[in-house]
Amino acid sequence: MKKSELKDYIKEQIIDVLSEATPEEVENQKELNKELEKTADLMSKMDMKEEEEDAPAGDKSIEKKASKQDKIIKDFKRIEAQMKTHLELFKTSESPENKETAKQMLKKLTPEYQAAKKAYDKIRNVKV
C-alpha cells in the first residue's frame, strides 16, 4: 500500500467513525436541547438575567491597609519557607560543611523570622 493510499484510507476511517451517531445519541441530544430551551424560557419568565455589577469603589485607607497586610503575610510566608528549607538541609546533610552553612543561614534568618512572625500575629488579630 502506498503512502498516499494509506493516508486516504485513514481519512476515510476517521470520517466514518466521526460521522456515525447512534439513534440513542441523537435522541439524548434532542432531549438535552429541549431541556435547554425550557431553562431559557423559565429564566426569561423569571427575569433571571445575569447582572454584572461593578465592584464598589471601597475606602482608600482600607485598601492601603489590606495591601500592607498582604505584604506582611507574603514576607512571613517567604521567610518561613526559607527557614524550613534550611532546616531540612541541616537535617539531611551529611557533610559538616553543608550543615554549618545551613546553621549559619538559620541563625541569620531567625531575627528576621521573629520580626515577621510578630507582625503576622499582630495582623491576624486585627479585623479589616
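Tyr113 lies in helix H4 of this predicted model. Setting aside neighbours within four places in sequence, Tyr113 is in contact with Phe76, Ile79, Glu80 and Met83. One of these partners, Met83, is 30 residues from Tyr113 in sequence, and the two C-alpha atoms are 8.1 Å apart.

**The H3 side of the contact**

Met83 belongs to helix H3. With a relative accessible area of 16%, Met83 is buried, because buried means under 20%. Apart from residues up to four places away in sequence, Met83 touches Leu106, Leu109, Thr110 and Tyr113. Met83 is also paired by distance with Met105: the two are 22 residues apart in sequence and 8.3 Å apart from C-alpha to C-alpha.

His86 is another residue of helix H3. Its relative accessible area is 16%, so His86 counts as buried. Not counting residues up to four places away in sequence, His86 touches Ala102, Met105, Leu106 and Leu109.

Glu80, a contact of Tyr113, is placed in helix H3 as well. Is Glu80 buried or partly exposed? Glu80 has a relative accessible area of 21% and is therefore partly exposed, as the limit for buried is under 20%. Between Glu80 and Glu112 there are 9.9 Å from C-alpha to C-alpha, at a separation of 32 residues in sequence.

The C-alpha distances given above are collected here.

| Pair | Separation in sequence | C-alpha to C-alpha distance |
|---|---|---|
| Tyr113 and Met83 | 30 residues | 8.1 Å |
| Met83 and Met105 | 22 residues | 8.3 Å |
| Glu80 and Glu112 | 32 residues | 9.9 Å |

**How H3 and H4 are arranged**

Helix H3 covers residues 60–92 and helix H4 covers residues 96–124. The two pack with their axes 8 Å apart, at an angle of about 155 degrees. H3 is therefore roughly antiparallel to H4, since angles over 145 degrees count as such. The crossing of H3 and H4 is left-handed. Sorted by class, the residues in the contact of H3 with H4 are 17 nonpolar, four polar and nine charged.

**The loop between the helices**

Which residues does Ser93 contact, leaving aside its neighbours within four places in sequence? They are Asn98 and Lys99. Ser93 sits in the loop between H3 and H4. Its relative accessibility is 13%, so Ser93 counts as buried. A polar atom of the Ser93 side chain lies 2.5 Å from the backbone oxygen of Leu89.

**The chain as a whole**

The chain has four helices and zero strands. Read from the N terminus, its elements run α-α-α-α. Of its 128 residues, 10% count as buried; Met83, His86 and Ser93 are among the buried residues. Considering the contacts in the chain with a separation of 6 or more, 67% are between residues 24 or more positions apart. The contact between Tyr113 and Met83 joins residues 30 positions apart in sequence.

Technical notes
Residues are numbered from 1 along each chain as its sequence is written. This is a predicted model: local features need pLDDT of at least 70, side-chain atom pairs count only at pLDDT 80 or more; totals for chains, interfaces and linings use all residues. Side-chain values use heavy atoms; hydrogens and water are left out. Axes are lines fitted to C-alpha atoms, for helices over the stretch in contact, and angles run from 0 to 180 degrees between N-to-C directions. Angles under 35 degrees count as roughly parallel, over 145 as roughly antiparallel, 65 to 115 as roughly perpendicular and the rest as oblique. A crossing is left-handed if the near helix is turned anticlockwise from the far one by less than a right angle, and right-handed if clockwise. Ala, Val, Leu, Ile, Met, Phe, Trp, Tyr, Cys and Pro count as nonpolar, Asp, Glu, Lys and Arg as charged, and the others, Gly among them, as polar. Buried means under 20% relative accessible area, exposed over 50%, partly exposed in between (1.4 Å probe, protein chains only). A polar contact is a pair of N or O atoms within 3.5 Å; within protein, one must be able to donate a hydrogen and the other to accept it, and residues adjacent in sequence count only if both atoms are side-chain atoms. Contact means heavy atoms within 4.5 Å.
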